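User: I am new to reading protein models. Could you take me through this one step by step?

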Amino acid sequence: MEALGTNTKHGPCCICTKKNKICTRNCEFAAYFPNEVKSDYEAACELFGTPNIIRMMKLAPHEQKHLLASSILKEGGAWTDDNIRGGFGVIQKLMWEIKLHKAYLSKLRMKISEEKNN
Ligand SMILES: [Zn+2]
């Protein structure tokens, strides 16, 4: 049973938890920062601070709020995983993986080409 229209099904959103507020069904942040992303939100909160996260969310156009929330959470996660390089480290790692896969793909193509010529 939902008392007073609170978000009791999944727990209060991360922002209401941080601000020690009751998270209602109409909470504007519950869809973007549900309780399930608490650890990433905590990391993002250390990076940006809850007041800045709220300000960024309020300034973002409605259709881009999900993208912004996802970006904020990913940044938090990136800084947790690598507290020196953060998001830049994630990009460097992905670029390195792309290089490796391209080299592997190139090798495979050469092998296929050689097999066709034999
Ligand atoms: Zn809330």
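The questions and answers below go through this predicted model.

User: How many helices and how many strands does the chain have?
Analyst: From the N terminus on, the elements run α-α-α-α-α. Strands number zero. The count of helices is five.

User: What radius of gyration does the chain have, set against a compact globule of 118 residues?
Analyst: Start with the box that the C-alpha atoms fill along the principal axes: roughly 75 × 35 × 25 Å. A compact globule of 118 residues would have a radius of gyration near 13 Å. The value for the chain is 21 Å.

User: Where does UniProt place the feature "domain: LOB", and how far apart are the end C-alpha atoms of that span?
Analyst: The unreviewed UniProt entry puts this feature at residues 11-112. The span is 69% helix and 0% strand. Its end C-alpha atoms lie apart by 55 Å.

User: What distance separates the centres of domain 1 and domain 2?
Analyst: The domain assignment gives domain 1 as 3-81. Domain 2 is 85-118. Taken over C-alpha atoms, their centres are separated by 37 Å.

User: Is H2 roughly parallel or roughly perpendicular to H4?
Analyst: Helix H2 covers residues 38-48. Its axis and that of H4 come within 7 Å and cross at roughly 85 degrees. An angle of 65 to 115 degrees counts as roughly perpendicular. So H2 is, relative to H4, roughly perpendicular.

User: Which residues of H2 make the contact with H4?
Analyst: On the H4 side, the contact residues include Ile72, Leu73 and Trp79. By class, the contact has eight nonpolar, three polar and two charged residues. From H2 come Asp40, Tyr41, Ala43, Ala44, Leu47 and Phe48.

User: At what angle do H4 and H5 pack?
Analyst: Helix H4 spans residues 65-81, and helix H5 spans residues 86-117. Their axes are 7 Å apart. H4 is roughly perpendicular to H5, because the angle is about 85 degrees.

User: Which residues of H5 make the contact with H4?
Analyst: H4 brings Glu75, Ala78 and Trp79. The contact divides into three nonpolar, three polar and one charged residues. H5 brings Gly86, Gly87, Gly89 and Val90.

Note on methods
Residues numbered from 1 in each chain as written. Predicted model: local features only at pLDDT ≥ 70, side-chain atom pairs only at ≥ 80, totals over all residues. UniProt positions renumbered as here; feature names shortened; annotations may be inferred. Helix = DSSP H or I, 4+ residues; strand = E, 2+ residues; numbered from the N terminus. Domains from an automatic or database assignment. Axes fitted to C-alpha atoms, helices over the stretch in contact; angles between N-to-C directions. Parallel < 35°, antiparallel > 145°, perpendicular 65-115°, else oblique. Contact = placed C-beta atoms within 7 Å. Nonpolar A, V, L, I, M, F, W, Y, C, P; charged D, E, K, R; others polar. Rg over C-alpha atoms; globule rule 2.2 N^0.38 Å.
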